[in-house]
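Reader: I am new to this structure and would like to understand how its descriptions are reached. Could we take them one at a time, setting each value against its definition?

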Amino acid sequence: MRGTPRVVVIGAGVGGLVAALDLAVRGADVTVLERAATPGGKLREVSAGGAAIDAGPTVFTMRWVFDEIFAAAGTRLADHLSLVPAEILARHAWSAGERLDLFADARRSEEAIGAFAGAAEARGFREFCARAKGIWKTLEGPFIRARRPTPVSLVRGAGLRGLPDMWRISPFATLWSALGDHFSDIRLRQLFGRYATYAGSSPFLAPATLMLIAHVEQDGVWLVEGGMHRIARALSDLLAAKGGRVRYGAHVAAIETANGRASGVTLADGERISADAVVFNGDPAALATGLLGGAVRAGTPPVPPAARSLSALTWAMQARVSGFPLLRHSVFFSSDYPAEFEQLFRGGRLPGAPTVYVCAQDRGAADAAAPDGAERLLCLVNAPANGDAHTFTDAEIAGCETATFSLLTACGLALDRVATVLTTPARFNALFPATGGALYGQAVHGAMASFRRPGARSRIPGLYLAGGGTHPGAGVPMAALSGRLAASSVLEDLASTGMSRRAAMRGGTSTR
Ligand SMILES: Cc1cc2nc3c(=O)[nH]c(=O)nc-3n(C[C@H](O)[C@H](O)[C@H](O)COP(=O)(O)OP(=O)(O)OC[C@H]3O[C@@H](n4cnc5c(N)ncnc54)[C@H](O)[C@@H]3O)c2cc1C
């Protein structure tokens, strides 16, 4: 029986870093191979006019996931990252005269909704919150933390007494139609329907179950001092402190197998690294398309382009801002939501009149004076994930850009741009191979979509998956959870095959 198991993790995205950290903490010899020059993957920063700007995720939720990860590593999240709870979750605008803030305190949101749209809508909000919380409670254990849930395991886990709860998660209604049970004001349906896009999906196709995302946000949004990218830095620093290695500029060209089992990797420069287990943190679709070599092509089922989640057009910029009191998170809604998603998912086009999200990174989440001079902004609109098949022309991008900034102007926001870096679906596809630019794995469209994501164990023994394209899904905390599931699967399997008594003896990550 060997002592220390050697594990190679391909990719230093959140899922890869968390898998590597859990493995290192439990005694494995871990090497992370990352093709980029920095950790984080989608949790990226770009430089615009000399300023580092968060150009990936901006909304940090489910803090408890990271509290648990850092605690398992024998330390405290608060010793590595400075997090401030957001008092106002986001500011929403439809025109210069229509604005609504949602607050961390649900009672304040209810009052604001009452003032914005009337008492019936405020009541609807209260009922909606209770329903979203109920869905979260029903799914947290048997789905989100579970290793490989199926509809059968969910129902079996719920038992007879839990069956009504299972029915209440509303998998067969669309989010959009379910929101009609609570809100007759179309603007509120838009606002709460937008949570489907956190999973890269359309509110008109996603199951009502996704209203749990509203609950997650209600449960706490945190502002990360210094920017979201700090999360990746904190994880990679802690990994190094626990003896793990991260090699940057290391593109893995192939995953090798021996006797049908993953046995190591070959880098683009020909270097070979052997391993007892390999964790792949890239998009699972890359395996089936052959990007990691023929030996692991059968590792996951192919993902048809039509099943992909949304991509985005993002403008990371420095700009002088006037007119509109931006908060850290502000959303500007298009006037025709159905048309927007029709163009994105059926038309494969950039939306003619997009909904626009703006992150003002230098601001807090309460009203305060705008910073002096130019500030850092990330402006995002949803885009189709066809970056491997189509490169949007300058005219197509210019059309979308004009529509985007016209909406901001119409809502009263004047921007004087000093420097801008644009990222397109084609660029996202180049950064995250085999995705077409999809940022959240497969779209969650239909009742069965969440069960189609692969779990931590691929179809090849010794090859594991971690990341937003893997169960339990996309988003920084969910990708982190998938990393934990991958690490515990690796250790469990190595222990059961007798390859690592030491790692198995160090005790387990709590996953069910
Ligand atoms: C613009 C944008 C906004 C978002 N907004 C939010 C938000 O507000 N809140 C939220 O929670 N989530 C958000 N997300 C989603 C979130 O960022 C992702 O779900 C999460 O970061 C994905 O992590 P991951 O573990 O899948 O790894 P990824 O970030 O996908 O990283 C995978 C890594 O693997 C590397 N890699 C791939 N193939 C190879 C190879 N062959 N060799 C070596 N390395 C390889 C890549 O270079 C990359 O670094 C957003 C994403 C984007 C892009």
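Author: Let us begin with the ligand, where α15 supplies three residues of the surrounding shell, the largest share. Please keep in mind that this is a predicted model.

Reader: Which helices and strands each supply at least two residues of the shell around the ligand?

Author: They are α1 (14-25), β2 (29-34) and α15 (476-496). In total, 31 residues surround the ligand, and the closest are G15, E34, K42, G468 and V476.

Reader: What makes the approach of E34 to the ligand a polar contact?

Author: A polar contact is a pair of N or O atoms within 3.5 Å, and a polar side-chain atom of E34 lies 2.6 Å from an oxygen atom of the ligand, so the pair meets that limit. By the same cut-off, the side chain of N281 qualifies, because one of its N or O atoms is 2.9 Å from a ligand oxygen. T58 makes its contact through the backbone, where a polar atom is 3.1 Å from an oxygen atom of the ligand. Taken on its own, the ligand has 1,000 Å² of accessible area, of which the protein covers 93%.

Reader: How do the residues of the shell divide into nonpolar, polar and charged?

Author: The shell holds 15 nonpolar, 13 polar and three charged residues, where glycine is counted among the polar ones.

Reader: Why are α1 and α15 called oblique to each other?

Author: Their axes come within 7 Å and cross at roughly 40 degrees. Angles under 35 degrees count as roughly parallel, and 65 to 115 as roughly perpendicular; the crossing angle of α1 and α15 falls in neither range, and the two helices are therefore oblique. The crossing in which α1 passes α15 is right-handed.

Reader: Why, then, are α1 and α2 described as roughly parallel?

Author: α1 packs against helix α2 (residues 63-72) at an angle of about 30 degrees, with the axes 9 Å apart. Because that angle is under 35 degrees, the pair counts as roughly parallel. The crossing of α1 and α2 is left-handed.

Reader: What is the omega value of the peptide bond from H471 to P472, and where is P472 found?

Author: Omega is near 5 degrees, and the bond is cis; P472 itself is found in the loop between β19 (463-465) and α15.

Reader: What is noted about phi of N259?

Author: Phi of N259 is near 55 degrees, a positive value in a residue other than glycine, and N259 lies in the loop that joins β10 (252-258) and β11 (261-267).

How values were computed: Residues are numbered from 1 along each chain as its sequence is written. This is a predicted model: local features need pLDDT of at least 70, side-chain atom pairs count only at pLDDT 80 or more; totals for chains, interfaces and linings use all residues. Side-chain values use heavy atoms; hydrogens and water are left out. A residue is near a molecule or strand if one of its heavy atoms lies within 4 Å of it. A polar contact is a pair of N or O atoms within 3.5 Å; within protein, one must be able to donate a hydrogen and the other to accept it, and residues adjacent in sequence count only if both atoms are side-chain atoms. Accessible areas come from the Shrake-Rupley method with a 1.4 Å probe; for residues, only the protein chains shown count as cover. Helices (H or I, at least four residues) and strands (E, at least two) are DSSP runs, numbered from the N terminus. Axes are lines fitted to C-alpha atoms, for helices over the stretch in contact, and angles run from 0 to 180 degrees between N-to-C directions. Angles under 35 degrees count as roughly parallel, over 145 as roughly antiparallel, 65 to 115 as roughly perpendicular and the rest as oblique. A crossing is left-handed if the near helix is turned anticlockwise from the far one by less than a right angle, and right-handed if clockwise.
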